[in-house]
Amino acid sequence: PQHTGAWLGLGHMLKTLGEQEAGIDAYRKCIALEPDFGEAYYSLANLKTFNFSDHEMEQMEQRLEDGSMRESSRVNFLFAMGKAYEDRKDFDAAWRCYSEGNEIQRMLVSYDPVHTETLNDELIEFFSGDFFSQVGEVGDESPAPIFILGMPRSGSTLVEQIIASHSQVEGTSELPYIGRLTKSLNRNRADGMRYPQLLAELEPRHFERLGQEYLELAQMHRVEGTPRFIDKMPNNFPSIGFIHTILPNARIIDARRNPMDACVGNLRQLYARGQTFSYDQSDIGEYYLQYQRVMDHWDKVLPGKVLHVQYEDTVEDLDLQVRRILDFLELPFEQACVDFHQTDRAVRTASSEQVRQPIYSSGVGYWRNYESHLGELVEILEPLLEGHSSD
């Protein structure tokens, strides 16, 4: 009962299961035990639907004045304060908090945008139309996996909740196994050849075995006995060529959002781990350009393989987009998919509370609240923004 980390873990578990009030109580127990525990404050903010009281904001301000606080804890307090000011419509104050939090966090993580671009160069060069023609139909033929991917903060949890509300589909989690499989191929290579180039020497049976290995790893997350399941790892988008090669009948959906809203959503989000590109306007802008470039490549070499679901279109006409998604998945229409917010299931992402509400449009064009602070991001994304001028 005096273990702060245990209360934090309990809060996360209750949040995942949709028991928000009990989760809030657990987070507040953390704060009572350890007032400088910034992660508990940010966990409250990260519920997205929680509003801090004036007293709680005063407590956070007092904590931030303490110069001896660990930097990681300070970052949590700053992002929590950003959310608190945002809820009060004081967007300039919110941005000051987010900006300072991002600046500190960027120094705490390791991210190299040049390395990202180089990796994408290799993927685009290797996974050519000729490669897919030469390899032909290989891999495990299971139609079970549904991959939802794209930029974080772009509506992937919403798309997942819609599809997981179908009686034939189970939503699992953001599974790490595609990335692990690509990395495993690099092991024990004395000649230095690496993924993706080493795929060129594999035989059809190897691709089939890789598909089977993925399905076996995913199986431990499947408890409902449905014929289909969802893997909602956003960062799988560079691996679409690999997914197609080892699981040719898998369905792939790209959750997409206005570039400015997607990028600003990341700048307002503190991740527990990963997504190291998300703490700087230049990094996130360049990463979005790379995402667009890679997705354009897959559309070119694997036409029709990926269904792009635009967040704004889903908000505007939910019924139409639900039918479009289910048609792509070759699933019969079920009203539960439209009434997704009534589905009782564990949701493990930052949007867990948001997808338990009916669809809302307040997130469309939200970036404009911070427009005066986003000159650098606008400049980087300018090539993509013409089609989004009305958002």
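**Exercise 1. Locate P196, then describe the peptide bond that leads into P196 from Y195.**

Start with the location. P196 sits in the loop between helix 10 (177-184) and helix 11 (204-219). The model is a predicted one. Now take the bond. The peptide bond from Y195 to P196 is cis. Its omega is near 5 degrees.

**Exercise 2. Which loop holds K48, and what is the sign of its phi?**

Find the loop: K48 lies between helix 3 (38-45) and helix 4 (54-64). Then read the backbone angle. Phi of K48 is near 70 degrees, so check the sign and residue type: the value is positive, and K48 is not a glycine.

**Exercise 3. Place E330, give its phi, and decide whether E330 is buried or exposed.**

Step one is the place. E330 is in the loop between helix 16 (318-328) and helix 17 (335-338). Step two is the angle. Phi of E330 is about 60 degrees, positive although the residue is not a glycine. Step three is exposure. The relative accessible area of E330 is 61%. The cut-off for exposed is over 50%. E330 is therefore exposed.

**Exercise 4. Which residues make the nonpolar surface patch of about 270 Å², and why can M13 be called exposed?**

List the members: L10, M13 and L17. Next, place M13. It belongs to helix 1 (residues 4-16). Finally, check its accessibility. M13 has a relative accessible area of 51%, so M13 counts as exposed. The patch rule asks for over 30% relative accessible area.

Key
Residues are numbered from 1 along each chain as its sequence is written. This is a predicted model: local features need pLDDT of at least 70, side-chain atom pairs count only at pLDDT 80 or more; totals for chains, interfaces and linings use all residues. Side-chain values use heavy atoms; hydrogens and water are left out. Patches are made of residues with over 30% relative accessible area and no salt bridge: like charges are joined within 9 Å, nonpolar side chains (Val, Leu, Ile, Met, Phe, Trp, Tyr) within 5 Å. Accessible areas come from the Shrake-Rupley method with a 1.4 Å probe; for residues, only the protein chains shown count as cover. A salt bridge is a side-chain nitrogen of Lys or Arg within 4 Å of a carboxyl oxygen of Asp or Glu. Helices (H or I, at least four residues) and strands (E, at least two) are DSSP runs, numbered from the N terminus. Buried means under 20% relative accessible area, exposed over 50%, partly exposed in between (1.4 Å probe, protein chains only).
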